[in-house]
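Student: I have a model open in the viewer and would like to work through it with you, one question at a time. Where should we begin?

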Amino acid sequence: MKIPDPAALKASSAPQKKKRLYQSLFFQILIAVVAGVLIGHFWPNIGSALRPLGDGFIQLIKMIIAPLIFLVIVTGISAVGDVKAVGRVGVKALLYFTGATLFALVFGLIVGNIVQPGAGLNIDPSTLSQEALDAKTGHAVPKDAAAFILDVIPSSVIGAFASNSLLQVLFFSVFFGAAIVVIGRERCLPVISLMETVLELIFKIMSWIMRVAPIGAFGAMAFIIGQYGVGTLGTYALLIASCYGAAVIFIGLLFLVAWGFARVPLWQFLKYTREEFLLALGTASTEAVMPRIMTKLTNAGCSRATTGLVVPTGYSFNLDGAAIYLSISLLFLAQAFGHHLDLGQQLAALGVLLLTSKGMAGVPGSSFLALSATAAALGIFPVAGVALLLGADRLMDSMRVVVNLLGNCVATFVVAKWEGQFDRSVMVRAFNGEITNEDTAIMLGKEDVYAQQELERISSGQNPSPKFRGGPTSDEIPQFEMSKPGQTTTPICPD
C-alpha cells in the first residue's frame with residue numbers, strides 16, 4: 001500500500017470527523033449481546049432458532065484461519081531470517097505453556113479444596129446414564145501422547161488446510177518458512193511477494209467479515225440463553241461461583257506476569273482489545289477473534305514470527321481457563337459422590353489432567369473427554385458421573401474464553417520479550433490509538449487513517465512504519481506495494 005504524495009499533507013491534516021457511538025464495533029457488539037440475552041430469555045424458542053447466525057459467523061472466520069496462519073508464519077520467519085531464533089521461540093513458548101497450565105490446574109485444585117463446591121450433594125451412582133455423556137463426546141476417547149504427536153504431522157498438506165487442523169498447518173508453515181531462510185530471501189523474493197499480496201487480500205476479507213460480527217454475536221448469545229436458560233445458574237451456583245471467582249484471581253495474576261516480565265499494562269491492553277474480547281464472549285469462541293487478536297498483538301509491538309507461532313500453538317497448549325475448570329470440576333464430582341481425595345490422589349489426577357488437557361481445542365466435548373479419562377484412570381467416581389456437568393458446562397464458556405484468550409495474549413508478550421522481539425515503544429503507540437504497521441491498517445479497514453498518520457510521521461522527520469512488526473518497510477521491497485487504480489502515489493520513503 002502506498003500513501004498520497006506529501007504535498008497533500010496540508011489538505012489531509014484537517015481534523016477528522018469523530019466517529020459516532022453507533023459506528024463503534026464495540027458498541028454494536030455490546031448491543032447485539034444484550035439483545036441476544038433478552039431474546040433468549042423472553043422468547044427461548046426464537047433464541048434457540050437463531051443459532052445459524054452465530055455458527056455462520058464462526059464458519060466465516062474459520063474459512064480464512066488456515067491460510068492466514070500459514071502466510072503470517074511463513075512471511076514472519078522469512079523476515080526474521082534465522083531458523084535457530086524460530087526454534088527458540090517454539091521451545092520457549094512450550095515451556096511457558098506447560099508452566100502456565102500446570103499452575104492453572106494446581107490453582108483450581110486449591111480453590112476446589114477450599115470452597116468444596118460438590119460437598120453434600122450425595123449423588124447416587126445408580127441414577128446415572130452413560131448415554132448423555134456419549135452424545136456430548138461422540139463416543140470419542142482422548143489420545144495418548146504418541147497419537148497426539150503423530151497427529152501434529154500432516155499426512156497431506158492439502159488435507160491439513162481442508163480440515164482446518166491448526167497444529168498441522170503450523171507444523172508445515174514452520175518448515176516452509178525455514179526453507180525460505182535456508183535457500184535465501186533474495187532468491188525466494190517472488191514467492192514472498194506473492195504471499196504478502198495474498199495476505200493483504202486475506203486481511204481485507206477479514207475486515208469485511210467483521211462488519212457482520214454483531215449479527216453473529218446476537219445469534220450465538222440468543223441461542224445459548226434460549227437453549228440453556230438462566231435457571232441453571234441456581235442448580236450449580238457454588239460450582240459456577242468457584243470457577244468464576246478463581247478466574248478473576250487468575251486474571252489478576254496474569255496482570256502481574258504481564259507487567260513483571262514485559263512491562264505490559266494489561267488493563268490498557270484490555271481496553272485496546274475490548275472489541276475482540278466482547279466478540280469472543282458473545283460467540284463463546286476464541287477462534288472467532290484469532291485473526292484480529294493476532295493483528296492487534298503485532299500492532300502492539302510483538303513480531304509477526306512470534307505472534308504467528310505462539311497464538312495458534314497456545315490455542316491447543318495454553319488453555320488456562322479450561323485447566324481451572326477441569327481441576328475444580330474434578331473435585332466437584334468427587335465431592336458429589338462422597339469421596340475425599342487425599343494428596344496422592346490429587347497429584348495423580350493433576351498428572352492425568354495435564355496430559356489429557358493438551359491439544360483438545362476444537363474437539364467436541366473436550367472437557368468431558370479429559371474428565372472421563374481422569375475418572376477412568378483413577379477410579380474415583382463412575383465415568384458416567386461426568387454427565388452431571390452437562391447443565392453447567394455451557395455456562396462456563398464465558399470464563400474459559402476470557403481466561404484462555406487473555407492467557408495466550410500474555411504468553412505472546414512474554415515470549416516476544418524473552419526472545420527480544422518485542423518493542424515496548426510501539427506498544428505505547430498502539431495503546432494510544434495509533435496504527436503502527438501497514439498490515440494492521442488493512443485488517444482493521446483503516447488504510448486512510450494509517451496514510452494520514454504516516455504523512456505526519458514523515459513530515460516530522462520520523463522513519464516510516466514497517467509493513468509488519470519485525471518486517472521491512474514497503475519501499476524496501478517494492479513488490480509488496482499495492483495501490484488503488486488511478487491513485488497518484490509516491491513511496492513512503494522516496495530516494
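Tutor: Let us begin with a cut-off for helix packing, since we shall need it shortly: an angle under 35 degrees between helix axes counts as roughly parallel. Please keep in mind throughout that this is a predicted model.

Student: How do helix α4 and helix α9 pack, and which orientation does their angle give?

Tutor: Helix α4, residues 51-80, and helix α9, residues 166-183, have axes 8 Å apart and pack at an angle of about 30 degrees. The cut-off for this class is an angle under 35 degrees. The two helices α4 and α9 are therefore roughly parallel to each other.

Student: Which classes of residue make up the contact of α4 with α9, and what is the hand of the crossing?

Tutor: From α4 the contact draws on residues including I65, I69, F70 and I73, which meet a set in α9 that includes L166, V169, L170 and F172. By class, the contact has 16 nonpolar and 3 polar residues, with no charged residues. As for its hand, the crossing of α4 and α9 is right-handed.

Student: What are the angle and the hand for the packing of α13 with α22?

Tutor: Helix α13, residues 237-262, packs against helix α22, residues 397-418, with the axes 10 Å apart and an angle of about 15 degrees. That angle makes α13 roughly parallel to α22. The crossing of α13 and α22 is left-handed.

Student: How many residues in the contact of α13 with α22 are charged?

Tutor: On the α13 side the contact includes Y244, F250, I251 and F261, while the α22 side includes M399, L406, F413 and K417. The residues of this contact divide into 17 nonpolar and 2 polar, and the number that are charged is 1.

Student: Is I209 buried or exposed, and how far is I209 from I61 in space?

Tutor: I209 is found in helix α10, residues 189-209, and with a relative accessible area of 6% it is buried. Leaving aside residues up to four places away in sequence, I209 touches F57, L60, I61, M63 and I64. I209 and I61 are 148 residues apart along the chain, yet the separation of their C-alpha atoms is 7.5 Å.

Student: Which residues does A323 touch, beyond those up to four places away in sequence?

Tutor: A323 has its place in helix α18, residues 320-336, and is buried, with a relative accessible area of 1%. A323 and F103 are 220 residues apart in sequence, with a C-alpha to C-alpha distance of 9.0 Å. Not counting residues up to four places away, the residues that A323 touches are T101, A104 and L105.

Student: Why is helix α16 described as largely enclosed by the rest of the structure?

Tutor: The buried residues of α16 include R292 and K296 as well as I293 and L297. Helix α16 spans residues 290-299, and it is largely enclosed by the rest of the structure because the buried residues number 10 of the 10.

Student: Where does Q116 lie, and what is its phi?

Tutor: Q116 lies in the loop between α5, residues 83-115, and α6, residues 130-137, where it is partly exposed, with a relative accessible area of 29%. Although Q116 is a residue other than glycine, its phi is positive, near 55 degrees.

Student: What phi does R263 have, and in which loop does R263 lie?

Tutor: R263 is not a glycine, although its phi is positive, at about 55 degrees. With a relative accessible area of 42%, R263 is partly exposed. The loop in which R263 lies is the one between α13 and α14.

Student: How many helices and strands does the protein have, and what share of its residues is buried?

Tutor: The protein has 25 helices and 0 strands. Among contacts with a separation of 6 or more, 83% are accounted for by residues 24 or more positions apart. Of the 495 residues, the share that counts as buried is 53%.

Student: Where in the protein is confidence lowest, and where is it highest?

Tutor: The protein averages a pLDDT of 79, and 79% of the residues score at least 70. Residues 478-483 stay under 50 in pLDDT, and the model has 20 contacts for them beyond four places in sequence. Confidence is lowest in helix α1, residues 9-12, at a mean of 43, and highest, at 94, in helix α14, residues 266-272.

Technical notes: Residues numbered from 1 in each chain as written. Predicted model: local features only at pLDDT ≥ 70, side-chain atom pairs only at ≥ 80, totals over all residues. Heavy atoms only, no water. pLDDT = per-residue confidence, 0-100. Helix = DSSP H or I, 4+ residues; strand = E, 2+ residues; numbered from the N terminus. Contact = heavy atoms within 4.5 Å. Axes fitted to C-alpha atoms, helices over the stretch in contact; angles between N-to-C directions. Parallel < 35°, antiparallel > 145°, perpendicular 65-115°, else oblique. Left-handed = near helix turned anticlockwise from the far one by under 90°. Nonpolar A, V, L, I, M, F, W, Y, C, P; charged D, E, K, R; others polar. Buried < 20%, exposed > 50% of the residue type's maximum accessible area, 1.4 Å probe, protein only.
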